[in-house]
Amino acid sequence: MPAAITCVSGYLPEDKLTNFDLEKMVDTTDEWIRTRTGIQERRILKDPNKATSDMGAEAVKSLCAKSGLAPEDIDLVICATVTPDMLFPSTANLIAHKAGATKAWGFDLSAACSGFLFALTTGAQFVENGTAKNVVVVGADKMSSIIDYTDRTTCVLFGDGAAAVLLQQDEGDCGVIDSQLYSDGAGGDFLCMKAGGSLRPASHETVDAKQHFIYQDGQPVFKAAVTNMADVSYEVMERNNLTADDVAWLVPHQANLRIIDATQRRTGLPHEKVMINIQKYGNTTAGTIPLCLHDWESQLKRGDNLILAAFGGGFTWGSVYLKWAYDGSKFA
Ligand code: UT7
């Protein structure tokens, strides 16, 4: 029986960082940011004592409250993130602890902006093969913790946020139907954090060289993202004999509106069928796709065909075809 998403929940910090705020911090303009990326504002977790696990735990707590699932009944928590609270223990463990999922095991999954799709595909395996009944997949990133707010090429792009989905077996034919995931380490240098790992452990030199912040060479990433996110979405639709008419929603990673538009054109879907909230949250990395599902949940109906698509650091990219399993209006 397929593994289906049976509930979604999201958490966004209250503080907003608008393009106009950024105009006062770096040499940029609201016009440049909006026309090049589609972003107008993003959320920032300002409390210095709060981390990715706190946002993830909030999402899981509200997921349990909504679905009626007792936290102790969660079997597994997978957290997709590139901003773990610390290198170890895993953020998934901390989320489970903070959310009261006392019987769950868990692990983090690192696939940058494709992290949620990699984690969703992984979590679905445990549900499909019956080794877990209730799997929670979290996409969470406190991107503000790795952003250099004097670097205009990256600080305008990212925001903080988290969302979680509950995976359970579906009695019928709804759930994760197909997925195609890719990674290519040859793209690693274009989008990365240069220090803080075993290659370049933290030192005065790495801090002075700002190597604990995101580094991105935007144009090669943009080119690879436009091609690969569009191609993999088309590939998954084609092999499942889906035309644009059969697909209810395209759920793209929210890195840049121009990348989303390219994927929309390639899949042939009309604009109205594309979930876009980049203007409100920017790029929340592993959070973007589940936050879209959260924002659109009330409009989703059982049987809707959804195509999820992402591209990110690594390089990593992929697409998931899922048949939505419930009428989201029941939670409205
Ligand atoms: O989610 C993970 C994957 N990441 C992505 O998918 C991001 C992919 N890349 C992009 O989305 C785009 O490359 C960016 C939005 C990052 C940049 O857009 P672009 O159209 O590729 O701009 P560019 O890098 O070619 O820069 C054009 C100009 C440059 O100035 P010069 O050299 O032409 O004088 C930049 O210095 O824009 C300048 N620039 C800015 N100007 C104002 C770069 N950032 C800014 C800024 N405000 N914030």
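**Exercise 1. Describe how helix α3 packs against helix α4 in this predicted model.**

Step 1: find the helices. Helix α3 covers residues 52-67 and helix α4 covers residues 91-99. Helices here are DSSP runs (H or I, at least four residues), and strands are runs of E (at least two), numbered from the N terminus. Residues are numbered from 1 along each chain as its sequence is written. Because the model is predicted, local features need pLDDT of at least 70, and side-chain atom pairs count only at pLDDT 80 or more, while totals for chains, interfaces and linings use all residues.

Step 2: get the geometry. Two packed helices are described by the angle between their axes and the distance between the axes. For α3 and α4 the angle is about 50°, and the axes are 8 Å apart. Axes are lines fitted to C-alpha atoms, for helices over the stretch in contact; angles run from 0 to 180 degrees between N-to-C directions.

Step 3: name the arrangement. Angles under 35 degrees count as roughly parallel, over 145 as roughly antiparallel, 65 to 115 as roughly perpendicular and the rest as oblique. Therefore α3 and α4 are oblique to each other. Their crossing is right-handed (the near helix is turned clockwise from the far one by less than a right angle; anticlockwise would be left-handed).

Step 4: list the contact (heavy atoms within 4.5 Å). Thr52, Ser53, Asp54, Gly56, Ala57, Val60 and Lys61 of α3 meet Thr91, Leu94, Ile95, Lys98 and Ala99 of α4.

**Exercise 2. Do the same for helices α8 and α9.**

Step 1: take the geometry. Helix α8 (residues 218-239) and helix α9 (residues 257-267) have axes that come within 9 Å and cross at roughly 30°. That makes α8 roughly parallel to α9. The crossing of α8 past α9 is right-handed.

Step 2: list the contact. On α8, the residues include Phe222, Met229 and Tyr234; on α9, they include Arg258, Ile259 and Arg266.

**Exercise 3. Find the residues around the ligand.**

Step 1: pick the nearest. Among 23 residues around the ligand (a heavy atom within 4 Å), Thr28, Arg36, Gln219, Asn256 and Asn283 come nearest.

Step 2: look for polar contacts (pairs of N or O atoms within 3.5 Å). Thr28 places a polar side-chain atom 2.6 Å from a ligand nitrogen atom. For Trp32, a polar side-chain atom is 3.4 Å from a ligand oxygen atom. In Arg258, a side-chain N or O atom is 3.1 Å from an oxygen atom of the ligand. Side-chain values use heavy atoms, with hydrogens and water left out.

**Exercise 4. Locate the unusual backbone spots.**

Step 1: find the cis peptide bonds. One joins Phe88 and Pro89, with omega about 0°. Pro89 sits in the loop between β4 (76-80) and α4. Another runs from Gly314 to Phe315, with omega near -15°. Phe315 is in the loop between β12 (305-312) and β13 (316-323).

Step 2: check phi. Ala112 is not a glycine, yet its phi is positive, about 50°.

Conventions:
A polar contact is a pair of N or O atoms within 3.5 Å; within protein, one must be able to donate a hydrogen and the other to accept it, and residues adjacent in sequence count only if both atoms are side-chain atoms.
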